[in-house]
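Ready for some practice in reading a protein model? Have the structure open beside you and try each task before you look at the solution.

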Amino acid sequence: VENEKLFLRSFLNHTPLEVLQPRLVQLPSGLTLDATALLAAKSLEDFVALLPAGSPRSRLHAVVASQREPQPFLLEAALDAGYFQELLARNNRLPGGELEIVKPLVCQEANLFQFMLVVRGRFHFGLTAETLLPLCVSGSGDVVEWFRALLSAPDILSAAKCVVGIVIDALPVAGRSGGEQSVVDVSVIEALAWQRYLRLANSAFRRSHMGVGEVAGYFGVRRME
């Protein structure tokens with residue numbers, strides 16, 4: 001998916017392959033994308049058709065089909081939404097005991113993506129709620145309800161209040177003081193979200209005994225390091 005996003009940027013900006021090549025993630029031969037064909041695509045629709053089948057391509061196709069000139073931000077978000085949809089689907093195949101341990105960690109990352117999608121989409125790119133709603137990632141709890149609430153939030157602090165216990169454990173100090181300040185740096189919220197991710201990773205690692213949860217938790221802790 002990261003390589004797909006790089007190819008997408010290069011296609012939109014007409015970047016030569018030799019400039020792009022050093023930035024690509026090296027993948028096994030079975031996962032390698034056809035760089036020449038992608039960058040030579042005649043249209044965005046043709047570009048999408050050349051991507052591997054799966055949830056990321058399906059999400060991207062839906063955005064391209066519904067938007068006359070979709071912003072690059074929206075196109076990349078569609079690929080990410082497809083990635084997280086697939087991640088949640090695979091996570092849900094775990095046996096009950098391991099699912100209970102791993103799912104909070106996976107949901108945390110998917111929900112953080114959705115929070116940042118709405119905050120950046122609405123407050124930085126001026127996208128409408130109707131444009132962003134189709135990128136909701138189902139399967140991570142009662143996500144549709146809080147995602148809709150997030151889309152109607154008038155500012156970042158209000159949006160942050162919608163995700164306490166879902167993306168962050170508590171509001172930043174400025175948001176709990178009860179003062180008039182309603183502007184919160186989104187990077188502060190993002191940092192709190194990754195703190196929650198680390199807490200959940202530690203929990204998964206300690207709760208699982210030689211299972212998938214231990215692997216996922218260990219990966220999460222090392223990722224934060």
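Below are four exercises, each with a worked solution.

Before you start, note that this is a predicted model, in which local features need pLDDT of at least 70, side-chain atom pairs count only at pLDDT 80 or more, and totals for chains, interfaces and linings use all residues. Residues are numbered from 1 along each chain as its sequence is written, and side-chain values use heavy atoms, with hydrogens and water left out.

**Exercise 1: An aromatic pair**

Task: Describe how the rings of Phe-84 and Phe-113 are arranged, and find out which helices the pair ties together.

Solution:
- Step 1. Start with the rule: rings of Phe, Tyr and Trp (its six-membered ring) pair if their centres lie within 6.5 Å; planes under 30 degrees apart are stacked, over 60 edge-to-face, and the rest tilted.
- Step 2. The structure holds seven aromatic pairs. In the pair of Phe-84 and Phe-113, the distance is 5.2 Å centre to centre and the planes are 25 degrees apart, which counts as stacked.
- Step 3. Phe-84 belongs to helix α6 (residues 72-91) and Phe-113 to helix α7 (residues 96-123), so the pair ties together parts that are 29 residues apart in sequence. Helices here are DSSP runs (H or I, at least four residues), numbered from the N terminus.
- Step 4. Look at the surroundings: buried means under 20% relative accessible area, exposed over 50%, and partly exposed in between (1.4 Å probe, protein chains only). Phe-84 is buried at 8%, and Phe-113 is buried at 12%.
- Step 5. Add one more ring: Tyr-83, Phe-84 and Phe-113 form one aromatic cluster.

**Exercise 2: Two helices side by side**

Task: Work out how α7 and α9 are oriented, and list the residues that make their contact.

Solution:
- Step 1. Two packed helices are described by the angle between their axes and the distance between the axes.
- Step 2. The axes of α7 and helix α9 (residues 143-151) come within 10 Å and cross at roughly 20 degrees. That makes α7 roughly parallel to α9, a term for angles under 35 degrees. Axes are lines fitted to C-alpha atoms, for helices over the stretch in contact, and angles run from 0 to 180 degrees between N-to-C directions.
- Step 3. From α7, the contact uses Asn-111, Gln-114, Phe-115, Leu-117, Val-118 and Arg-122; from α9, it uses Val-143, Trp-146, Phe-147, Leu-150 and Leu-151. Contact means heavy atoms within 4.5 Å.

**Exercise 3: Two unusual loop residues**

Task: Where do His-14 and Met-210 lie, and are they buried or exposed?

Solution:
- Step 1. His-14 is in the loop between α1 (2-13) and α2 (17-20), and Met-210 is in the loop between α12 (186-207) and α13 (212-224).
- Step 2. His-14 has a positive phi of about 60 degrees although it is not a glycine. Met-210 also has a positive phi of about 60 degrees without being a glycine.
- Step 3. His-14 is exposed, with 69% relative accessible area; Met-210 is exposed at 76%.

**Exercise 4: Two buried residues**

Task: Which residues do Lys-5 and Leu-135 contact, leaving aside neighbours up to four places away in sequence?

Solution:
- Step 1. Lys-5 sits in helix α1 and is buried at 7% relative accessibility. Its contacts are Glu-76, Leu-79 and Asp-80.
- Step 2. Leu-135 lies in the loop between α8 (129-132) and α9, and is buried at 2%.
- Step 3. Leu-135 touches Arg-59, Val-63, Leu-74, Ala-77, Ala-78, Ala-81, Phe-113 and Leu-117.

Notes: Angles under 35 degrees count as roughly parallel, over 145 as roughly antiparallel, 65 to 115 as roughly perpendicular and the rest as oblique.
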